[in-house]
Amino acid sequence: MRVLLTAVAHERWWPRLERPGIEPLVLGADGSLVLASGAGVDREGADPEVAWGTSDLFDEGAPLRPFFGLLRRSSTLRWFQSPAAGYDGAVFAELAGRGVRVSNAHVNGIPIAEYVLRAVLDHFQAAGRWRAEADAREWRLHDFREVHGTTWLVVGVGSIGGAVAARARAFGARVIGCRRHPSPDDPVDESVTPDDLLGALGAAGGGVVGAADVVVLSAPATTATTGLVDARFLAAMKPGSVLVNVARGSLVDEDALLAALDRGAPEAALLDVFAVEPLPADHPFWDHPGVTVTPHNAAGGTGRHARQAELFAENLDRYLGGRPLLNDVTATILAEAR
């Protein structure tokens, strides 16, 4: 049984993954394929049964296109382990539609939650002023907002949203979680369903007591969440509030957001994801004083690599033993595609 993986992943993790009867099919940065013996393999005869996608595929110069091209062409592929939590790309529906099992990875909650807290703290504390004044050798004091006592609305309380909520609460924030099916185990102070989302935002009135100071988008991209943050949503946000998007760009109507920022509510948008990526150089987000842009990098914590390897090793044993895979999202993908 051949397992497709990158040369980077093979070098770092294969000793942990070696099992009787499996053979690594190693994809080099130049798109070449070799076996563990060093023998080259033609792409048409590669025949992987399993493919392990790892975060290094998204590094500059990595063989991302050859990897997914091979997945799309392979008639022998039976299981693809993704490195990410999201599965909204067309390739996932394509694979699931032809009988390939797809499992995702909930390994990025830690870095994304840390990113969110850093981004909010950076904005609340006006840390850019300190950096600019330090560069100018100027000694100036300024007051800043505290996270303690603020209200956060986390839209999507899965592995990522839950990690955000837990950390915000540790700072003394009150957290409202929004999800279709709230659980008593959610690390939040209060839960609402999407039907109550506008009320939880606060400024529209009639909703949850305590308008949201920080709104974090961490919900998956689905037909139900596309365009979620529209003019109506933004009009319900209170002055001085902050929007953070670590989900997908499709959740936000970007034109409506720019108009809302110009009106002052929300006060700021801290964005790591966009409708078009990379963000075009002429996009107004780059120059807008209320927007902070990062290049879809919130999941970039170095600890994610080992967590991906641990998950794949566990799932590989489950696959070989005929047991259910952890995070098998095949059925969900097929349901979304209907």
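How many helices and strands does the chain have? The chain has 11 helices and 13 strands, assigned as DSSP runs numbered from the N terminus, with at least four residues (H or I) for a helix and at least two (E) for a strand.

This is a predicted model, in which local features need pLDDT of at least 70 and side-chain atom pairs count only at pLDDT 80 or more, while totals for chains, interfaces and linings use all residues. Residues are numbered from 1 along each chain as its sequence is written, and side-chain values use heavy atoms, with hydrogens and water left out.

The radius of gyration, taken over C-alpha atoms, is 22 Å. This agrees with the value near 20 Å for a compact globule of 338 residues, a rule given by 2.2 Å times the number of residues to the power 0.38.

| Property of the chain | Value |
|---|---|
| C-alpha box along the principal axes | roughly 65 × 50 × 35 Å |
| Accessible surface (Shrake-Rupley, 1.4 Å probe) | about 16,100 Å² |
| Carbon and sulfur part of that surface | 52% |

Buried residues (under 20% relative accessible area, 1.4 Å probe, protein chains only) make up 47% of the 338 residues. Of the contacts (heavy atoms within 4.5 Å) between residues at least 6 apart in sequence, 59% join residues at least 24 apart.

One residue in detail is Asn 315, placed in helix H10, which spans residues 304–320. Asn 315 counts as buried because its relative accessibility is 0%. Leaving aside residues up to four places away in sequence, Asn 315 touches Trp 79, Gln 81, Ser 103, Leu 325 and Leu 326.

Terms used: Buried means under 20% relative accessible area, exposed over 50%, partly exposed in between (1.4 Å probe, protein chains only).
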